[in-house]
Structure formats: C-alpha cells, structure tokens
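Here is a short, friendly tour of one chain fold. Have the viewer open and follow along.

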Amino acid sequence: MLDKLYAEHSMSVEDFAKDPVGAFQKYNCSAIAITINGNIVFYASERHDYEEMIDVLDYLRRGDTEVNDIPSQMEDDDIDLDEIAEKMAKKLKDSDDGDFE
C-alpha cells in the first residue's frame with residue numbers, strides 16, 4: 001500500500017544526505033518526502049516553514065485566541081480591553097440575528 005504523499009517531491013534518504021540544502025534548491029520547494037526503499041520515513045522542510053507549522057500547532061493546542069507575545073498586544077493607558085470586550089459581548093447577546101448581516 002502506498003503512503004499518501006504530503007509533499008510535491010520525494011527522494012531517497014541517501015540522495016538527501018549527500019546535499020540537503022541542494023535538494024531544496026533543486027526542487028525549489030518547501031518540503032520533501034524522504035524515503036527508504038520507496039517508503040516515506042520523514043519529511044524535510046525549510047526552517048521558515050517548520051517554524052510556521054510549530055506556531056500553528058501551538059495556537060491550536062492552546063484552544064483560545066490569547067496573544068502570548070507582548071509586542072503584538074495592544075497597549076495604551078486610555079484603552080480598557082475588558083470594558084470593550086464586555087460591551088461587545090452585551091451587544092452580541094442583545095442583538096437580533098439580522099443585526100450583523
């Protein structure tokens with residue numbers, strides 16, 4: 001039974017080991033399925049793509065929309081985010097379905 005391929009290209013572990021950086025340049029892609037005897041044993045991805053995948057997994061595992069890195073949080077002495085959130089929640093609760101179309 002063939003494995004489902006989650007990459008545009010595949011290559012043997014021996015060929016990949018000879019020149020890993022060159023493999024990405026050769027195929028001009030972000031992920032390569034690495035095989036042994038025709039069976040996929042792992043995927044190799046470029047650093048940037050791997051880091052993005054980890055960020056997505058981290059977000060999904062948290063199960064919320066909390067922003068954990070301070071630079072991206074809104075900060076201002078005049079903004080009360082709790083008050084804004086309460087007003088938004090009240091408006092949504094008290095609204096009719098047609099209010100937001």
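Which residue takes a positive phi in the hairpin of strand 2 and strand 3? Asn 37 does, with phi near 55°, and this hairpin has two residues between the strands. Before going on, please note that this is a predicted model, where local features need pLDDT of at least 70, side-chain atom pairs count only at pLDDT 80 or more, and totals for chains, interfaces and linings use all residues. Residues are numbered from 1 along each chain as its sequence is written, and side-chain values use heavy atoms, leaving out hydrogens and water.

Helices (H or I, at least four residues) and strands (E, at least two) are DSSP runs numbered from the N terminus. Strands pair if DSSP finds at least two bridges between them. Strand 2 joins strand 1 (residues 9-12) in the parallel sense over four bridges, and strand 3 (residues 39-45) in the antiparallel sense over six. Ile 32 is the bridge partner of His 9 and stands opposite Ala 44.

Ile 32 and Ala 44 also belong to the largest nonpolar core, which has eight residues, including Phe 16 and Phe 24. Such a core is a set of buried Ala, Val, Leu, Ile, Met, Phe, Trp, Tyr and Cys residues joined through side-chain atoms within 4.5 Å. Buried means under 20% relative accessible area, exposed over 50%, and partly exposed in between (1.4 Å probe, protein chains only).

Two asparagines with positive phi sit in loops:

| Residue | Phi | Loop | Relative accessibility |
|---|---|---|---|
| Asn 28 | near 50° | between helix 2 and strand 2 | 71%, exposed |
| Asn 37 | about 55° | between strand 2 and strand 3 | 75%, exposed |
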